[in-house]
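Here is a friendly walk through a structure you may be meeting for the first time. Have a look at it, then read on.

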Amino acid sequence: MIFSQETIKTRKEQTAKSLEKILEEDEVVLVHSGTPVQKPGGHDQTYYFHPHPDYYWLTGVRRPSGVSAYSKRTGWVDFVQPITREEKIWEGGGVATEGSDLSAFDAWFAEKKFSRTHRLGQHSESHWMNPLKDELNVLETFNSIRRVKDHEEIELVRKLAHIAGAGYTVLKDFIRPGVTEREIQLAYEGAVLKAGSEKMPYDTIVGAGTNAAVLHAMPTSRIVKEGDLVLVDGGADIGDYCVDITRVFHTGKGFSQQQKNIFDIVLKAQTDSIAMCKPGEQWHNAHLASARAIAQGLKDLGILRTSAEESVASGAVSVFFPHGVGHMVGLKVRDVGGPYNPYPKSYAGARVRVDMEMKEGYLMTFEPGLYFIEALLTDQETRAKYKDAVNWEEAMKWLPVGGVRLEDDVVIKAQGNDNLTGFIPKI
Ligand SMILES: [Mn+2]
């Protein structure tokens, strides 16, 4: 168990207090762990099991099939799958967890005769009993607590930041002309796994030269050339908790003037958004702060023709900064990001999926980026839309830079945000 019993107890008490306000006397909330997914044609093989984050956060238990039930009448009642004989033989046992035997659940549930059941976590389709809007109410009550990270969560992520830091330290010397993107991936992942990461929280992104402009660049056999900028977006993971970090590297002799110009703009975009993001602030204002810095920088370089304000208002800046400035991170790389929002609004031309007010204790990534994406710069529709706002001829000259993204994981605080990954050098 990563989290102490005391922390788990606090989480349950806090959740119960909030659920009490919205539940009727005989309603129940069931939080499900989920079941492993079988590999197609894999017979007895399953994909690596991740307990549903809602269940894991609440219980600290990683076993499949568990159910935590809450009602005003019963308080929290846990049902867990006992460790089987097969598990002991094939997998070496596992950690026994507290709770009633799962086989007693059906009888318990029938006996309580709850008037309504709300289900959270991963459960089978046949368990779906309530209209969606009821689920959302319970889910939002639950997630509003989960969004605020507790002390043990923050300390775990801080530890992960140092583990990832070991990987970035190795890359500083490793990235030289002649190595491939794949070798960079292996060097990074090898270092963080050695340093204590259990697995990678997401596919490590490595982009050299123009590949740095590929937002989700998967490492290829491309060989790093003298003067290439290399972008690496890699994390570290313990118990599904993670960090999400992006840095850029040069090949040993420093950045070219063009690369440095773009780097400086992105660094300012990140600093500006982190500085203005306080409890009570809307997250989309952090996005706008970064967009403004990028728009101003591109105006100064003669790549955008319109003023920073105009480029943000028209969305022209999104030709170079096409994604949102960040997301909630912690328990998985996309942690509970905000109330269910199927129709995200656009800000500065980019769809910003996380759109909510910041609270003390939220853990957010700040990852502004500035890219020269050939597909976008040559797209006829984009060119027509921002015809006069962009100096297209000038923009094309910057294609070899690829792109720069800088990403850190920051705890929002009333007095000075806590950048957990900020100690990892930016250059
Ligand atoms: Mn990210």
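Of the 18 residues of α9, 15 are buried, so this helix is largely enclosed by the rest of the structure. Keep in mind that what you're looking at is a predicted model. How far apart are the end C-alpha atoms of α9? They are 26 Å apart, and that agrees with the 26 Å that 18 residues should span at 1.5 Å a residue. After α9 comes G302, and its phi is positive, near 80°.

The helix also matters for the inside of the model, if we go by counts. The largest nonpolar core has 101 residues, and the ones touching the most other members are V29, L160, V230, I294, V317 and L370. Helix α9 (residues 283-300) gives this core its largest share, nine residues. Both domain 1 (5-146) and domain 2 (151-419) put at least three residues into the core. As a general background point, nonpolar side chains in soluble globular proteins tend to be buried together.

To get a feel for one spot in there, pick V317. Leaving out residues up to four places away in sequence, V317 touches A291, I294, A295, S311, V312, A348 and G349.

Now step back to the whole chain. It is divided into domain 1 (5-146) and domain 2 (151-419). Taken over C-alpha atoms, the centres of the two domains are separated by 35 Å. Where they meet, nine residues of domain 1 are in contact with seven residues of domain 2. On the domain 1 side, α2 (53-59) and α5 (132-146) supply at least two residues each, and α5 has the largest share there, with four residues. What kinds of residues make up that side of domain 1? They divide into four nonpolar, three polar and two charged.

On to the sheets. One is an open sheet of five strands in the order β4-β3-β2-β1-β5, and its pairing is mixed. At its edges are β4 (100-101) and β5 (116-121), each pairing on one side only. Another open sheet has three strands in the order β11-β14-β15, with antiparallel pairing. In this one, β11 (363-366) and β15 (418-419) are the edge strands with a single partner each, so one side of each is left without a neighbour in the sheet.

Here are some of the strand pairs, side by side:

| Strand pair | Sense | Bridges |
|---|---|---|
| β1 and β5 | parallel | six |
| β11 and β14 | antiparallel | four |
| β14 and β15 | antiparallel | two |

You can follow these pairs residue by residue. V31, in the pairing of β1 (residues 27-32) with β5, has L120 in β5 as its bridge partner. In the three-stranded sheet, V411 makes a handy landmark: L363 stands opposite V411 in β14, and V411 stands opposite D418 in β15.

Finally, a closer look at β11. In a regular strand, side chains alternate between the two faces of the sheet. Are the faces of β11 covered or uncovered? Both are covered: L363 and T365 are on one side, M364 and F366 are on the other, and all of them are buried. Along its edge, though, β11 has a single partner strand.

Conventions: Residues numbered from 1 in each chain as written. Predicted model: local features only at pLDDT ≥ 70, side-chain atom pairs only at ≥ 80, totals over all residues. Core = buried A, V, L, I, M, F, W, Y, C linked by C-beta atoms within 7 Å. Buried ≥ 20, exposed ≤ 12 C-beta atoms within 10 Å, placed from the backbone. Domains from an automatic or database assignment. Contact = placed C-beta atoms within 7 Å. Expected span 1.5 Å × (residues − 1). Nonpolar A, V, L, I, M, F, W, Y, C, P; charged D, E, K, R; others polar. Pairing = 2+ DSSP bridges.
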